[in-house]
Amino acid sequence: MMKTDVLIIGSGIASLQLARKLSSHLNVMILTKMSLVTSNSYLAQGGIAASISSKDSYEQHALDTLEAGRFHNHIGAVKNITKMAPVLLHDLAAAGCAFDEEKNGNWSLGMEGAHSENRIVHSGGDETGKKVIEFLVATMPAHVTIKESVFVYELILSIQGRCIGAKAIMADGTKKCFIANHTIIATGGCGQIYEYTSNAATITGDGIALAYLAGANIINMEFVQFHPTLLYVDGKTVGLVSEAVRGEGGFLVNESGVPIMADVHPYKDLAPRHIVAQRIYQYWKKGESVYLDISKVENFVDRFPGITALCKKHGINLHNNKIPVAPGCHFLMGGIETDFCGKTSVDGLYAIGEAACTGLHGANRLASNSLLEGLYMGSELATYLNERSKQKSETTTEAKTIHIQKKFKSLPSIKELQQRTMASVGIVRTEKTMKEHQLWLESYLNGEKWEVQTACSEKEAWQTYFMVLTAYLVTIAALSRTESRGGHFRSDFPQEAESWRKQIVLQKIERNEGVSDEPNKIAAAT
């Protein structure tokens with residue numbers, strides 16, 4: 001058994017921001033599933049949105065966020081985070097993090113989809129996530145201990161129901177208990193439950209499943225963002241082609257070279273992501289490929305070194321000025337319900353980053369608001385925990401644990417799970433396919449299948465189980481919302497319904513009857 005003051009599960013931008021801002025008298029431990037830099041944050045090609053320009057304002061940034069989120073956002077979260085965006089960036093810069101500049105020394109401000117102003121700050125061109133994460137790792141304070149290749153499979157609850165740590169499988173296969181005053185889930189979203197995704201291989205919904213099994217509120221799981229432009233090679237998506245390419249003049253065309261977004265939305269190729277993804281999907285259904293035309297992008301190779309390297313790796317000839325693209329799962333707007341400090345409905349358990357749902361993104365995330373939210377929530381939770389650390393410790397070693405009644409006698413192959421989830425609760429959804437998927441998932445969750453999964457370690461079994469459970473949460477939430485909004489599109493309910501705006505699908509193992517008024521919550525049958 002190991003003890004620490006603060007236990008952070010995950011190593012993305014929210015996790016590292018939290019760790020760097022926690023007081024030096026606190027013992028902080030980060031557990032990460034693979035390496036410290038294996039995260040969606042590290043892969044992020046886009047930048048960080050902030051109202052830096054004199055022509056811009058946080059109010060306009062907030063309005064753009066609300067429009068992209070189809071007004072399902074939490075107003076307080078939108079206001080607080082967009083207002084703090086410039087402060088957070090200047091804080092990083094003052095600490096030594098470099099951002100791309102113009103010749104006059106001002107930060108370069110890029111344009112991305114659904115933004116009304118140039119407000120995207122980059123570092124290293126299309127390698128912002130990589131540069132920022134490397135900076136945070138390099139400047140991590142000495143009181144932070146990092147343990148890599150650690151898989152957390154269970155949260156530990158005290159007799160009073162407070163989260164006091166986690167159980168994990170170590171790199172050598174042994175198991176350890178980590179006891180902490182405060183336990184933070186920062187494990188990212190769930191992109192790997194889909195066949196096509198931009199997400200890191202480690203992003204399998206673990207943290208959301210852990211929190212759900214511990215009794216935490218899970219909300220907005222139906223809202224999954226599909227990025228329109230993943231590099232598509234030999235029937236597979238192999239990496240992200242940043243929206244910033246379209247911001248610099250790239251545009252989508254069909255096999256004949258005809259632009260496909262011209263008459264679809266006033267912003268054309270820079271329309272909100274769900275609109276662009278659905279448009280590409282229409283061509284896919286007809287068996288027609290879609291390409292990103294980069295003929296009008298100046299100095300593409302210099303401007304986008306990461307994408308250039310990705311294309312060369314997969315044999316794409318950029319001299320043809322056409323990059324084959326396909327939409328894939330990119331970001332989860334829902335997750336573990338938290339307040340603005342990261343507190344969940346379970347005492348002692350917190351969530352930040354993509355695993356959490358603050359309400360900032362609503363039904364669809366505005367481009368480059370994800371790294372921003374991670375910086376903000378990491379900072380806010382650090383402030384809260386630093387204040388709490390002045391109080392008496394609440395840690396106890398007397399504990400009960402959440403036991404899952406499953407011996408993993410049966411689990412689907414990950415490939416089959418990904419394909420079925422993509423087909424059933426992907427870009428376009430309908431009641432029939434989702435109900436079929438629900439029944440298929442329940443056959444595993446309820447232990448109705450008894451085939452033995454061979455060549456599967458306990459760690460792999462837990463991860464697959466978490467993927468099945470997370471896919472189930474997405475499916476149930478999507479079935480519950482009988483409208484289309486943002487990242488949730490149902491062909492049998494293709495329009496937004498005013499009665500559903502601000503209505504939240506709440507999923508919890510043991511639901512309480514009392515729920516808050518803002519926004520309303522509708523309990524799904526889980």
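I started at Thr475: setting aside neighbours within four places in sequence, Thr475 is in contact with Val425, Met434, His437, Gln438 and Leu441. Note to self: this is a predicted model. Thr475 sits in helix α14, and its relative accessible area comes out at 0%, so I put it down as buried. I also looked for a partner for its side chain: a polar atom there lies 2.7 Å from the backbone oxygen of Ala471.

**α12 and its cover**

Next I went to helix α12, residues 414–424. Which of its residues are buried? I got Leu417, Gln418, Thr421, Met422 and Ser424. Then I checked what lies over them, and the cover includes α14 (458–480) and α13 (431–445), along with strands β11 (224–233) and β15 (322–332).

**Cores**

I pulled up the largest nonpolar core, which has 70 residues. Which of them touch the most other members? They are Leu155, Tyr194 and Ile336. α14 gives this core its largest share, 15 residues. Another core lies apart from it, with 48 residues, among them Ile13, Leu22, Leu88 and Ile352. For background, nonpolar side chains tend to be buried together in soluble globular proteins.

I followed Tyr194 a bit further. Leaving out neighbours within four places in sequence, Tyr194 contacts Val224, Phe226, Cys329, Gln418, Thr421, Met422, Val425, Gly426, Arg429 and Val474. Gln418, Thr421 and Met422 were already in my notes as buried residues of α12, and Val425 as a contact of Thr475.

**Thr197**

Thr197 is in the loop between β9 (175–185) and α6 (206–213). Buried or exposed? Thr197 has 10% relative accessibility, so it counts as buried. A polar atom of its side chain lies 3.0 Å from the backbone nitrogen of Asn199. Not counting residues up to four places away in sequence, Thr197 touches Gly191, Gln192, Leu230, Thr237, Gly328 and Cys329. I had Cys329 down for Tyr194 too.

**α1 against α11**

I moved on to helix α1 (residues 13–21) and helix α11 (residues 370–388), which pack at about 35° with axes 7 Å apart. The crossing of α1 past α11 is right-handed. From α1, the contact uses Ile13, Ala14, Gln17, Leu18 and Lys21. From α11, I listed Leu371, Gly374, Leu375, Gly378, Ser379, Leu381, Ala382, Leu385 and Asn386. Sorted by type, the contact has eight nonpolar residues, five polar and one charged.

How many of the nine residues of α1 are buried? I found eight, and the helix is mostly covered. The buried ones are Ile13, Ala14, Ser15, Leu16, Gln17, Leu18, Ala19 and Arg20.

**Asn364**

Asn364 lies in the loop between β18 (356–357) and α11. At 1% relative accessibility, Asn364 counts as buried. I checked its distance to Gln225: the two are 139 residues apart in sequence, yet 6.3 Å apart in space, C-alpha to C-alpha. Aside from neighbours within four places in sequence, Asn364 contacts Ala68, Gly69, Gln225, Pro272, Arg273, His274, Met333, Gly486 and Gly487. With His274 there is a side-chain to side-chain polar contact at 2.8 Å.

**Ile164**

Last entry: Ile164, in strand β8 (residues 163–169). Its relative accessible area is 0%, so Ile164 is buried. Ile164 and Thr174 are 10 residues apart in sequence, and their C-alpha atoms are 20 Å apart.

Notes
Residues are numbered from 1 along each chain as its sequence is written. This is a predicted model: local features need pLDDT of at least 70, side-chain atom pairs count only at pLDDT 80 or more; totals for chains, interfaces and linings use all residues. Side-chain values use heavy atoms; hydrogens and water are left out. Axes are lines fitted to C-alpha atoms, for helices over the stretch in contact, and angles run from 0 to 180 degrees between N-to-C directions. Helices (H or I, at least four residues) and strands (E, at least two) are DSSP runs, numbered from the N terminus. A crossing is left-handed if the near helix is turned anticlockwise from the far one by less than a right angle, and right-handed if clockwise. Contact means heavy atoms within 4.5 Å. Ala, Val, Leu, Ile, Met, Phe, Trp, Tyr, Cys and Pro count as nonpolar, Asp, Glu, Lys and Arg as charged, and the others, Gly among them, as polar. Buried means under 20% relative accessible area, exposed over 50%, partly exposed in between (1.4 Å probe, protein chains only). A polar contact is a pair of N or O atoms within 3.5 Å; within protein, one must be able to donate a hydrogen and the other to accept it, and residues adjacent in sequence count only if both atoms are side-chain atoms. A nonpolar core is a set of buried Ala, Val, Leu, Ile, Met, Phe, Trp, Tyr and Cys residues joined through side-chain atoms within 4.5 Å.
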